[in-house]
Amino acid sequence: MSRQPAEPVPRRGARSHRTRSSSRLRGWGRHHRAMCLDSALRLIRHPVGSLLTMLAIAIALVLPAALWLTLDGARLLDAELEESATLTVYLESRVADAQALRIEEALAAHEGVARTRLITAAEGMAEFQQALGLADALGRLEDNPLPASVVVTPVDPDPLAVRQLAGRLEGVAGVDEVRLDLAWIERLRHLAELGRRVALALAVLFGLGVLLVVGNTIRLSVESRRQEIEVVTLIGATHAFVRRPFLYSGAWYGLGGGVLAWGLLTLGSGWLAAPVSALAASYGASFSLPRLGLSGSAILLVCSTLLGWLGAWMAVSRHLAEIRPR
């Protein structure tokens, strides 16, 4: 009988499996979701401490945000005041009304002039009498001492452009004097620039305060879980793996502080709205406190979340370098 060839014996031993990139990506996403939920649950288990930390963050964010809103309202007021920036062109006293109309047309044809309004000598005297309440006394004058004038609204309210326009208008025949008062515009711009720098300095200082608050809180959390960190490090966990739950905790602290800051700003704006409107009405103006709106609220929440995340990253990275598994 012929022997049958022996079947090959399968090799036994360890087998290596290659993990697909899609599987690793799914695992990475599952771990992120798990750490995000776990960090949120840890904050909920300690509501008093978490709320106090978020409140400290909110207080640090309220002042620069309120100053930013104030500057935003000042920019709106600045735009309204710039629209009212005008030049007054006084004509020579011998100019008649018909000639004044021709001079107004010549002034309106100049480059940089948005619109003009002629005030005749009679109209100027009537306005003067009404403003001072001296109609009887001024009515006894034989001649009208006031000249005709043209109110010119420039296209560009920038002080330098207005001065250049005034120099060109002074050369028009029949013009006696051009007056412009730009001191209030320059003062307002200087105050706005000062406010912007103060707001930037406060934002940096209070941003550092948020980093310190979150960093100190996360540092205590790292110390309380030191043994757990040492164990997972021994079995091969990377620093990114260990750092991830603490980063989510910092982001939750920042987001909660941003929500509280948004609530404080909304309540404060509603509380001050009526007195501010009454004060503006007493001066014959209409002004209302600006609100955050959708974009402002999004910026506040994003910045607070990023500050919380950055504070946690700095604290965890510093302490991970000191932790050595034993």
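**Exercise 1.** What does the accessible surface of the chain come to, and what percentage of it belongs to carbon and sulfur atoms?

*Solution.* Keep in mind that you are looking at a predicted model. Step one is the total: the accessible surface is about 21,400 Å². Step two is the share: carbon and sulfur atoms hold 62% of that surface. To go with this, look at burial: 33% of the 326 residues count as buried, where buried means under 20% relative accessible area.

**Exercise 2.** List the secondary structure elements of the chain from the N terminus on.

*Solution.* Start with the totals, 10 helices and 4 strands. Then walk along the chain, and you should read α-α-β-α-β-α-α-β-α-β-α-α-α-α.

**Exercise 3.** Work out which strands stand at the edges of the sheet, and why one side of each has no neighbour there.

*Solution.* First write down the strand order of this open sheet, β2-β3-β1-β4, with its antiparallel pairing. Next, look at the two ends: β2 (113-119) and β4 (175-179) each have a single partner strand, so one side of each is left without a neighbour in the sheet. On average, neighbouring strands are turned by 20° against each other, direction ignored. Finally, zoom in on one pair: 4 bridges join β1 (residues 87-91) to β4, and Y90 stands opposite E177 in β4.

**Exercise 4.** Describe how helices α3 and α6 lie on the sheet.

*Solution.* Begin with α3 (residues 97-108), which lies across β1, β2, β3 (149-154) and β4 and runs at about 165° to β2. Then turn to α6 (residues 159-169): this helix touches β1, β2, β3 and β4, and its direction makes about 10° with that of β1.

Notes
Residues are numbered from 1 along each chain as its sequence is written. This is a predicted model: local features need pLDDT of at least 70, side-chain atom pairs count only at pLDDT 80 or more; totals for chains, interfaces and linings use all residues. Side-chain values use heavy atoms; hydrogens and water are left out. Buried means under 20% relative accessible area, exposed over 50%, partly exposed in between (1.4 Å probe, protein chains only). Accessible areas come from the Shrake-Rupley method with a 1.4 Å probe; for residues, only the protein chains shown count as cover. Two strands pair if DSSP finds at least two bridges between them. Axes are lines fitted to C-alpha atoms, for helices over the stretch in contact, and angles run from 0 to 180 degrees between N-to-C directions. Contact means heavy atoms within 4.5 Å.
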